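Dear colleague,

As agreed, I am handing over the structure for your consideration. Please look through the sequence and the model below before reading the notes that follow.

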Amino acid sequence: MDCIFCKISEGKASANFVFQNDDIFAIRDVHPIAPTHILIIPRKHIPSLMELDGAEGSALISKIVSTAVEVAKKVSLSDSGFRLVWNVRSDGGQTVGHIHLHLLGGRQMKWPPG
Ligand code: AMP
């Protein structure tokens, strides 16, 4: 399967890691749109949030979000704040078909998003 996030997970492509464990890893986005732009990614290949289901899916979502919060603390975004973004499929702007959560910080975020 030609998935860049699977390749990074397996050590077959390089990335700037911020965190990793057996289930999840976090890397710096290669095209950052904020001073801090980190992707929280499960090692398991799941194309989008729409393919997650059941208790296993809920548990994975919980782990991804709690990892994002821990990473936000680690990169000193606790006080200033941050934004978590999940792009889903085409209209959501998803470009990589492997679930990932964006952690954005280091500047004032705008609303509504583009
Ligand atoms: P999305 O558009 O929500 O699917 O987000 C995919 C993100 O992955 C984009 O922000 C890309 O810049 C980022 N990205 C793609 N390839 C890599 C890579 N090799 N290393 C780090 N980030 C990447």
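**Overall architecture**

The protein chain, shown here as a predicted model, contains three helices and five strands. Following the sequence, these elements appear in the order α-β-β-β-α-β-α-β.

As to overall dimensions, a compact globule of 114 residues would have a radius of gyration near 13 Å, and the 14 Å found for the protein chain agrees with this. Along the principal axes, the C-alpha atoms fill a box of roughly 35 × 30 × 25 Å. Of the 114 residues, 36% count as buried. The exposed area of the protein chain is about 6900 Å², and carbon and sulfur atoms supply 53% of it. Among contacts between residues at least 6 apart in sequence, 54% join residues at least 24 apart. Regarding charge, the mean positions of the 12 positive and 11 negative charges are 6 Å apart.

**Strand β5 and its partners**

May I draw your attention to strand β5, which covers residues 101-105. Five of its five residues are buried, so the strand is largely enclosed by the rest of the structure. In a regular strand, side chains alternate between the two faces of the sheet. In β5 both faces are covered: L101, L103 and G105 lie on one side, H102 and L104 lie on the other, and all are buried.

Which strands pair with β5? One is β3, residues 36-42, which runs antiparallel to β5 and is joined to it by five bridges. Within this pairing, T36 stands opposite G105. Another is β4, residues 82-85, which is also antiparallel to β5 and is connected to it through four bridges. Here V85 is placed opposite H102.

**The β1-β2 hairpin**

Strand β1 (residues 17-20) and strand β2 (residues 24-28) run antiparallel and are joined by three bridges. F17 of β1 stands opposite I27 in β2. The connection from β1 to β2 is a hairpin through three residues.

**Two loop residues**

Two residues in loops deserve separate mention. The first topic is I99, located in the loop between α3 (89-92) and β5. Is I99 buried or exposed? I99 is buried, because its relative accessible area is 1%, where buried means under 20%. Setting aside neighbours within four places in sequence, I99 is in contact with I40, I41, P42, I46, P47, S48, L49, L52, I64 and W86. One of these contacts is I40; I99 and I40 are 59 residues apart along the chain, and their C-alpha atoms are separated by 8.7 Å.

The other residue is R43, found in the loop between β3 and α2 (54-74). With neighbours within four places in sequence again left aside, R43 is in contact with S9, Q20, N21, D22, D23, I24, F25 and H98. These partners include Q20 and I24, residues that belong to β1 and β2 respectively. As for D22, R43 lies 21 residues from it in sequence and 7.7 Å from it in space, C-alpha to C-alpha.

In short, the points to examine in the model are the enclosed strand β5, its antiparallel pairings with β3 and β4, the β1-β2 hairpin, and the contacts made by I99 and R43.

With kind regards

Key. Residues numbered from 1 in each chain as written. Predicted model: local features only at pLDDT ≥ 70, side-chain atom pairs only at ≥ 80, totals over all residues. Heavy atoms only, no water. Rg over C-alpha atoms; globule rule 2.2 N^0.38 Å. Buried < 20%, exposed > 50% of the residue type's maximum accessible area, 1.4 Å probe, protein only. Contact = heavy atoms within 4.5 Å. Areas by Shrake-Rupley, 256 points an atom, 1.4 Å probe, with all protein chains shown as cover. Lys, Arg positive; Asp, Glu negative; His and termini not counted. Charge placed at Lys NZ, Arg CZ, Asp CG, Glu CD. Pairing = 2+ DSSP bridges.
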